Amino acid sequence: MKPELAIFGFVALASATILWDGRFSDYSTAADFDKWSWSNQVGQYQTYIYGNLHGETASSWLTLGSQFKNPATSAEAQGAKVKLNASFTWNGGPMLRTELIPQTMSSLSGHLYFHVSLQIPTVNAPDPAYEHQIVFWEGHFADIKYGQLSVKGTWYNFILETGSPGGLWVSTGSSLLQKVFTGSLNGNGGTDWHIGALRLPVNGQTQQITETDIYYSGIYVEDSGPTTQP
Ligand SMILES: *[C@@H]1O[C@H](CO)[C@@H](O)[C@H](O)[C@H]1NC(C)=O
């Protein structure tokens, strides 16, 4: 065989498939979140966790805009601002909640990569006296929570790698995500993945509630890779 024939061999690069895309490109305004209901499951998100369910709409608690996305993300024009305030506790209980959940036929289960970028803004940041769960599965096998050491005004990029081997990938701003933990997240993913703010009360104390905002963008799930560009 002549040496030049060898160049005709090639390696097919496995490309990742996005199983569910929660980037907000298909939403023109937050009013699009209001189109979802249990009997009309349209769009990328289920939007039933907000306010006190006494007549508000999801778009009262969710705002879309380019100022709410990681500016390093070119695959998406806008992000979402998730709001909590003093007007409600969710569903009559003591928790404050505004959350988005994937609307998908995929099981989102297995060895997968769940991408999410978020920013704790400098204005209306969560009160660290309260526990805020800000990315979690309903089964709570792996939660991202807001803590006192979080730096406000910074975009944090995360990949939650479910299944095996599992792990956590992190970066800030435009930096490529790096794997900082290899090991099981104790769960296989699933569609009951909550993006948003769930604030717990402190037992026995009257809640002090001021407006609280968190920004989210870059939300999608892929089956391989992972893509490390925010
Ligand atoms: C809380 O937000 C809701 C929805 O945007 C709004 O209707 C209400 O006036 C706000 N309440 C306070 C106390 O700011």
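**Exercise 1. Find how many salt bridges a search of the whole structure gives, and describe three of them.**

*Solution.* A search of the whole structure finds five salt bridges. Here a salt bridge is a side-chain nitrogen of Lys or Arg within 4 Å of a carboxyl oxygen of Asp or Glu. Before going on, note that this is a predicted model: local features need pLDDT of at least 70, side-chain atom pairs count only at pLDDT 80 or more, and totals for chains, interfaces and linings use all residues. Residues are numbered from 1 along each chain as its sequence is written, and side-chain values use heavy atoms, with hydrogens and water left out.

Step 1. Recall the idea: side chains of opposite charge can pair when their charged atoms come close.

Step 2. Look at arginine 23 and aspartate 21, whose closest N and O atoms are 2.9 Å apart in a salt bridge.

Step 3. Move on to aspartate 32, which meets lysine 35 in a salt bridge at 2.7 Å, N to O.

Step 4. Now take glutamate 161 and lysine 179, a salt bridge with its closest N and O atoms 2.9 Å apart. This pair links distant parts of the chain, 18 residues apart: glutamate 161 lies in strand β9 (residues 155-161) and lysine 179 in strand β11 (residues 178-182). Strands are DSSP runs (E, at least two residues), numbered from the N terminus.

**Exercise 2. Decide for glutamate 161 and lysine 179: buried, partly exposed or exposed?**

*Solution.* Step 1. Set the cut-offs: buried means under 20% relative accessible area, exposed over 50%, and partly exposed in between (1.4 Å probe, protein chains only).

Step 2. Glutamate 161 has 2% relative accessibility, so it counts as buried.

Step 3. Lysine 179 has a relative accessible area of 30%, so it is partly exposed.

Step 4. Try another pair in the same way: aspartate 32 is buried at 14%, whereas lysine 35 is partly exposed at 49%.

**Exercise 3. Work out which residues are around the ligand, and which polar contacts it has.**

*Solution.* Step 1. List the residues with a heavy atom within 4 Å of the ligand: Ser60, Trp61, Lys83, Asn85 and Ser87.

Step 2. Look for polar contacts, which here are pairs of N or O atoms within 3.5 Å. One ligand oxygen is 2.8 Å from a polar backbone atom of serine 60. A ligand oxygen is also 2.3 Å from an N or O atom in the side chain of asparagine 85. For serine 87, a side-chain N or O atom is 2.5 Å from a ligand nitrogen.

Key:
Helix = DSSP H or I, 4+ residues; strand = E, 2+ residues; numbered from the N terminus. Polar contact = N/O pair within 3.5 Å; in protein donor to acceptor, adjacent residues only side chain to side chain.
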